[in-house]
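User: Could you take a close look at the empty space inside this protein for me? I'd like the cavities and what lines them, then the open pocket and the ligand site if you can tie those in.

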Amino acid sequence: MRAHTIEQTRVAEAFERERRLFADEHPRSRELFDRAGSSLFNGVPMPFMTEWPGDFPIYVADAEGAEVVDVDGHRYADLCLGDTGAMTGHAPPATVEAMMEQFRHGASHMLPTEDSVWVAEELQRRFHLPFWQFALSATDANRFALRVARHVTGRPKILVFNWCYHGTVDETITTVVDGVAGPREGNVGPPIDPTMTTKVVEWNDVPALEAALLQGDIACVLAEPAMTNVGIIMPEPGFHDALRRLTRETGTPLLLDETHTLCAGPGGCTAEWGLDPDIVVVGKPLASGLPAAAYGFSKDVSERFLEGWDPEVSVTGGLGGTLAGNALSAKLMRVTMESVLTQEAYRGMIALADRYTRGVRGAIDHAGLAWHITQLGCRAEYRFRADPPRNGTESVQAEERPLMRFMHLYALNRGVLLTPFHNMALMSPATTERQVDLGVQVFDSALEELMSEA
Ligand SMILES: Cc1ncc(COP(=O)(O)O)c(C=O)c1O
């Protein structure tokens, strides 16, 4: 069967209709955005908030479970979930209660609490690494972990995979385009040319990985177990074995960033796939969306880290953050793992993602489009190409921004929130079948709208 295609003019016209509908139905958000223009740079607290597909973002009035309510009174099935920050669902009751309780006893003492020990023990159990440290964001945890890796190896560079994202970690905001490495497009004020700090190879490219590691100057390979920030790109069979073997042979610590792949299960892909990293980073939903992250490392890394460590001198040593490891985030990490992101909750979340994936796949097939959807645990993402890409470059080449913006705005106008820069749907313990079915139905009718005869 010949695959159908979608005409760009059809997308542009449909987007224009949705843009007007969005503006008409969100007067209060528009008002706030206009007002914000004279105090917030670009009218938003963070630059990425301008990436929502209308002319302005919706302003949130309330959020509970997997539902968001905006200031105009519209209710949304939230399949974005704060781009994983709220994979717990918004305001899970157990977390709310623990937060109120802990705050009465102080949030930030610059001293450990019993909860911090509980959290480290639980992370040990989930990720099979013995020693843990806390940070306030996954970005920070990655930055600190890279410092540790440089410290223990004495090597200058890191290696990442093309089109990765690990937060705003300076060394990682780099790509190779047509064989030329440099700062990624849109990188604001890169401190130094990232080719001085970073090697970039394509995901699933074992020979390129081997050649880069053999040069002996890599302090750390930083990777997601499956790429999730350029669509979901799974490792090919044998890739993780090769990655582990080559990093071991060259004495290069392997850092797995499980911030998004925590969607695979309580111990991320590390536990689900039996991986054996030297360092793991986890953040975002770890404290139900409040600032907290953690990085754990092996006994070997820990011993080498302690060599030459002088606490008198190493007061901060670049691993800082006055509020990091605070009592409130330790409490919230504890309650999140104890009561929210439990093994049982994952079973339900993954079943919902199965349901969504089946529904979207059915709609794609019905429309006869050469698209696909990939699922990883409770996360699923469709892409505008027939086969799953092997690497970041293949995935980026299949990007169609106008089409993506249309799909997202069409969904928004019909009560479904999708992360602006992913075609991703994420399930929380609070997500319902009804919300999943709405996501599928809206996807299906978006395709109908694009494909029906004018
Ligand atoms: C894989 C991965 N690691 C780290 C981060 C950074 O997380 P944060 O922005 O919470 O610091 C992100 C953010 O999207 C991410 O996708």
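Analyst: Searching the whole structure, which is a predicted model, turns up five cavities of 30 Å³ or more. The largest of these has a volume of about 70 Å³, and the second largest comes in at about 60 Å³.

Let's start with the largest cavity. Its lining is made up of Leu79, Tyr356, Tyr382, Met407, Tyr410, Ala411, Val416, Leu418, Gly439, Val442, Phe443 and Ala446. Two elements give two or more residues to that lining, namely α13 (401-413) and α14 (433-451). Of the elements, α14 puts in the most, with four residues. As for chemistry, the lining of the largest cavity splits into eleven nonpolar residues, one polar and no charged. Which residue is the polar one? That's Gly439, given that Gly is counted with the polar class here. If you're setting up probes or grids, keep that class convention in mind when you read the tally, because tyrosines such as Tyr356, Tyr382 and Tyr410 go into the nonpolar class under it.

On to the second largest cavity. Here the wall is built from Leu123, Arg126, Phe127, Leu262, Pro266, Val282, Pro285, Leu286, Thr336, Met337, Leu341 and Tyr346. Helices α4 (114-127) and α10 (327-340) each supply at least two of those residues. The largest share is from α4, with three residues. By class you get ten nonpolar, one polar and one charged. The charged residue is Arg126 and the polar one is Thr336.

Now for the open space. The second largest pocket holds about 840 Å³. It has 30 lining residues, and those nearest its centre are Gln133, Phe134, Leu319, Ala324 and Gly325. Four elements each give at least two residues to this lining: α4, β4 (131-135), β12 (293-297) and α9 (299-306). So α4 turns up again, as it supplies residues to the second largest cavity as well as to this pocket. The largest share of the pocket lining is from β4, with four residues. Sorted by class, the lining has 18 nonpolar and twelve polar residues, with no charged ones.

Then there's the ligand. What sits around it? A shell of 13 residues, the closest being Thr139, Asn229, Asp257, His260 and Lys284. Helix α5 (residues 138-153) gives the most to this shell, with three residues. By class, the shell has two nonpolar, eight polar and three charged residues. Asp257 and Lys284, both among the closest residues, belong to the charged class.

A few atom pairs are worth pulling up in your viewer. A nitrogen atom of the ligand is 2.6 Å from an N or O atom in the side chain of Asp257. His260 also has a polar side-chain atom 3.1 Å from an oxygen atom of the ligand. On the backbone side, a polar atom of Ala138 lies 3.4 Å from a ligand oxygen atom. Taken on its own, the ligand has 390 Å² of accessible area, and the protein covers 85% of that.

Finally, three loop residues to click on while you have the model open. Arg104 is in the loop between α3 (93-103) and α4 (114-127). Is Arg104 buried or exposed? Exposed: its relative accessible area is 61%, and the cut-off for exposed is over 50%, which is why Arg104 gets that label. Arg104 and Leu328 are 224 residues apart in sequence, yet their C-alpha atoms are 9.9 Å apart in space.

At the other end of α3 is His90, in the loop between β3 (75-78) and α3. His90 counts as buried because its relative accessible area is 17% and the buried class takes anything under 20%. The side chain of His90 also makes a polar contact, at 2.6 Å, with the side chain of Asp78.

The last one is Gly167, found in the loop between β5 (157-161) and β6 (174-177). With a relative accessible area of 9%, Gly167 is buried too. If you measure from Gly167 to Gly251, you cross 84 residues in sequence and 25 Å in space, C-alpha to C-alpha.

Definitions and conventions
Residues numbered from 1 in each chain as written. Predicted model: local features only at pLDDT ≥ 70, side-chain atom pairs only at ≥ 80, totals over all residues. Heavy atoms only, no water. Buried < 20%, exposed > 50% of the residue type's maximum accessible area, 1.4 Å probe, protein only. Near = heavy atom within 4 Å. Polar contact = N/O pair within 3.5 Å; in protein donor to acceptor, adjacent residues only side chain to side chain. Areas by Shrake-Rupley, 256 points an atom, 1.4 Å probe, with all protein chains shown as cover. 1 Å grid on protein atoms, 1.4 Å probe; cavity = no way out; pocket = protein on both sides within 12 Å on 5 of 7 lines; lining within 4 Å. Points joined across faces, edges and corners; volume = space filled by probe spheres on them.
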